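Trainee: Could you take me through how surface and interior features are read from a set of coordinates?

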Amino acid sequence: MVFPDGDVWDSADPTGSSIKLEFLLASLGQEHRFCNMVDWTVLQHSLAVGRACEHVYSGNVPLVQYAYFHDIQEAIIRDVPTPFKHMVGDAWFVAENRLQAAVFQALRLEDLRLGDEDYELFDEIDKAMALVEAVTFFPPEVHPELTLSIGGESIPSNIIVTCTQAMNS
């Protein structure tokens with residue numbers, strides 16, 4: 001990856017090359033969610049997920065920090081819709097996780113890795129935020145099957161309210 005200032009970052013050698021957080025954040029601020037169909041960026045999504053996690057899990061500092069940076073790799077690979085990721089299968093998630101780990105390593109954020117339990121807590125907020133975003137930006141006829149649930153279980157109403165507030169703050 002070549003940054004606007006000419007520096008080059010090699011994901012195969014994350015610490016042996018230069019990566020600039022400000023360029024990654026600027027890129028996320030220009031990458032719109034839902035295949036560029038809405039006026040809501042990946043950066044706004046990440047900030048809203050971080051704020052929602054702060055509200056719900058304020059005592060869990062690693063989880064909250066991870067929430068703010070969870071999509072940082074999308075500055076490089078862009079915002080790929082989740083249904084497409086599932087079509088590609090496990091290979092996509094393995095590659096995306098490796099890239100995220102390389103970016104975290106280059107930014108010296110390796111400690112942001114979450115255990116399974118904390119990841120499940122974070123994932124609930126991230127998925128809830130995506131659903132709230134979809135309901136906010138698309139009329140019901142666009143996604144008639146869309147329900148506010150994760151894996152068939154309803155998302156707790158306090159999570160929905162928190163995500164909605166985080167989007168609007």
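**From surface patch to core**

Mentor: Phe84, Met87 and Val88 form a nonpolar patch on the surface, and together they have about 310 Å² of accessible area. Keep in mind throughout that this is a predicted model.

Trainee: Where does Val88 lie, and is Val88 buried, partly exposed or exposed?

Mentor: Val88 lies in helix H6, which covers residues 82-88. Partly exposed is the class between 20% and 50% relative accessible area, so Val88, with a relative accessibility of 39%, counts as partly exposed.

Trainee: Which residues have the most contacts inside the largest nonpolar core, and which helix gives the most to this core?

Mentor: A nonpolar core joins buried nonpolar residues through side-chain atoms within 4.5 Å. The largest one here has 38 residues, and those with the most contacts inside it are Trp9, Ile19, Leu24, Cys53, Val103, Phe122 and Met129. At least two residues of this core come from each of helices H1 (21-28), H3 (42-56), H4 (61-69), H7 (90-106), H8 (116-137) and H9 (157-167), while H8 gives the most, with 6 residues.

Trainee: What is Val103 in contact with, leaving aside its neighbours within four places in sequence?

Mentor: With those neighbours left aside, Val103 is in contact with Trp9, Ile19, Leu24, Ile72 and Ile76.

Trainee: Is Glu96 buried or exposed, and which residues does Glu96 touch?

Mentor: Buried means under 20% relative accessible area, so Glu96, which is found in helix H7, counts as buried at 9% relative accessibility. Not counting residues up to four places away in sequence, Glu96 touches Gln73, Glu74, Ile77 and Lys85.

Terms used: Residues numbered from 1 in each chain as written. Predicted model: local features only at pLDDT ≥ 70, side-chain atom pairs only at ≥ 80, totals over all residues. Heavy atoms only, no water. Patch = residues over 30% accessible without salt bridge, like charges linked within 9 Å, V, L, I, M, F, W, Y side chains within 5 Å. Areas by Shrake-Rupley, 256 points an atom, 1.4 Å probe, with all protein chains shown as cover. Salt bridge = Lys/Arg side-chain N within 4 Å of Asp/Glu carboxyl O. Helix = DSSP H or I, 4+ residues; strand = E, 2+ residues; numbered from the N terminus. Buried < 20%, exposed > 50% of the residue type's maximum accessible area, 1.4 Å probe, protein only. Contact = heavy atoms within 4.5 Å.
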